[in-house]
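These are my notebook entries on one structure. I set down what I looked up, in the order in which I looked.

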Amino acid sequence: MTTSRYTFWCFAPLVVAGTAASITLAGAQAPAATPLPLAAPVKPVAPAPKPAAPAGNPLQLKFATPSLQHGQQLAAQSCAGCHGAGGASTKEGVPGLAGQIPGYTQFQLTVFRAKLRPSPVMQKVAAKLSDQDIADLSAYFAAQPVGPAWKADATARSRGEKLFQGGDAARNVIACAVCHGAGGRGVAGNDVASITNLSPKYANSVLHEFRDSPGFGGLIAPEAMRIALHPLTDQDLLDVSAYISSMK
Ligand code: HEC
Ligand code: HEC
C-alpha cells in the first residue's frame, strides 16, 4: 500500500472553510442522544471532552512581498545539502525544486509544517520555517533554472510520451500535457505543478500517492491529479514516470 499524498482527505473541507470553530463543531455537535424508554433511571454521563481547536487555519499564510535574497540564503543553508544547489536535485529520492511554481512549493511547505503531508524529513525541516521564510524560499526556487533530466528506460519512455502528450481517449486517459503543458513546466495561476527533475522511481511513487488515495476532501489541485490518474494501470504509471523524468 502506498501512503496518500496528504493525510487530510477526510477533514479538508473543514480546514478549507477556514475557522477553528468550524473544525471543533464536527466533534462538539454530535447529535444529542435521544433518551430511550428504560426501566431504571440512568445516571447522567459526563459530556465527552471537547477536542482541542487548532490555532487558526493551518493552510493560511501571512507574509509581505517575498525576498529572493533571503530565500537564497535560507536555501543555501538548509536545503541545498539534499535538494542540490539552487534546488536542482541529483539525488534519486529527492525532488527538484528549481523552476517550481511558487504556489505549489508554498503549499507543500505549509502542509509539511502542519504535518498534513507525511515525510519525517520534511516535517522537521518545515517546522523551523516562518510564513515569510516559506514565501521567500518558494519565490527563490521558482526563479531558478530547472534541474537536470534523469536517464530512463527508452521503451517505457516512448510509451509514456504517447500517454503524456496524447492521452488515450478509448480508456478516458486525459493527456497530462493538457494541464502540465507539453514541456511539463506547470501553470502558476492554476496551481498545476512543474514536474521536471524527478527521478523515475520518485515520480512513480508520487503518482501512486495521488492515484491510490481515497480522495482529497474536494481540494481542487490534488483531486485533479487523482481523477486524471484513475484510469491508468501500474504499467502506465511506470511509463509516464520514465517520460517525465527525462524532461528538463
Ligand atoms: C535531509 C534532506 C532534506 C532537507 C535538508 C530538505 N529536504 Fe525537502 N525534501 C526531502 C525529501 C526526501 C523530499 C521528498 C518527500 C519525502 O519523501 O520525504 C522532500 C520534499 C520537499 C518538497 C516537496 C516537493 C514536491 O515536489 O512535492 C519541498 C517543497 C521541499 N522538500 C522543500 C525543502 C526546502 C525549502 C528545504 C530547506 C528549507 C528542504 N526541503 C530541505 C529532503 C530534504
Ligand atoms: C486536470 C489537470 C491535470 C492532469 C490531466 C494531470 N495533472 Fe498532474 N497535477 C495537476 C495538479 C493541479 C497538480 C498539483 C497537485 C497538488 O497541488 O497536490 C499535479 C501534480 C502532479 C505531480 C506532482 C509533482 C511533484 O513535484 O510531486 C506529478 C508528478 C504529476 N502531476 C504528473 C502528472 C502526469 C504524469 C499526468 C498524466 C498521466 C498528469 N499529472 C495529469 C494537474 C493535472
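Entry 1. From which domains does the shell around ligand 2 draw at least three residues each? I found that both domain 1 (68-142) and domain 2 (154-245) supply at least that many. I note here that the model is a predicted one.

Entry 2. I then listed the surroundings of ligand 2. The shell holds 26 residues, and the closest are Cys 176, Cys 179, Ala 221, Pro 222 and Ala 228. I looked up the helices that each give at least two residues to this shell: they are H5 (102-113), H8 (154-166), H9 (176-180), H10 (200-211), H11 (220-229) and H12 (234-245). H11 gives the largest share, with six residues. I sorted the shell by class and obtained 24 nonpolar residues, one polar and one charged.

Entry 3. I turned to ligand 1. Which residues come nearest to ligand 1? They are Cys 79, Cys 82, Pro 95, Gln 108 and Ser 119, out of 18 residues around this ligand. At least two residues of the shell come from each of helix H3 (68-78), helix H4 (80-83), H5 and helix H6 (120-127). By class, I recorded eleven nonpolar and seven polar residues around ligand 1, with no charged residue.

Entry 4. I next viewed the chain as a whole. It has twelve helices and zero strands. Of its 248 residues, 39% are buried. I also checked the contacts between residues at least 6 apart in sequence, and 74% of them join residues at least 24 apart.

Entry 5. I looked for the largest nonpolar core. It has 49 residues, and Phe 141, Val 240 and Ile 244 touch the most other members. H5, helix H7 (131-142), H8, H10, H11 and H12 are the elements that give two or more residues to this core. The largest share, seven residues, comes from H7. Domain 1 (68-142) and domain 2 (154-245) each contribute at least three residues to the core. For background, I wrote down that nonpolar side chains tend to be buried together in soluble globular proteins.

Entry 6. I chose one member of the core for a further look. Which residues does Ile 244 touch, leaving aside those up to four places away in sequence? I found Phe 164, Gly 184, Ile 195, Leu 198 and Ala 203.

Entry 7. I close with two points to keep together. The shell around ligand 2 draws on domain 1 and domain 2, at least three residues from each. The largest nonpolar core likewise draws at least three residues from each of these domains.

Note on methods: Residues numbered from 1 in each chain as written. Chains lettered and ligands numbered in written order. Predicted model: local features only at pLDDT ≥ 70, side-chain atom pairs only at ≥ 80, totals over all residues. Near = placed C-beta within 6 Å. Helix = DSSP H or I, 4+ residues; strand = E, 2+ residues; numbered from the N terminus. Nonpolar A, V, L, I, M, F, W, Y, C, P; charged D, E, K, R; others polar. Domains from an automatic or database assignment. Buried ≥ 20, exposed ≤ 12 C-beta atoms within 10 Å, placed from the backbone. Contact = placed C-beta atoms within 7 Å. Core = buried A, V, L, I, M, F, W, Y, C linked by C-beta atoms within 7 Å.
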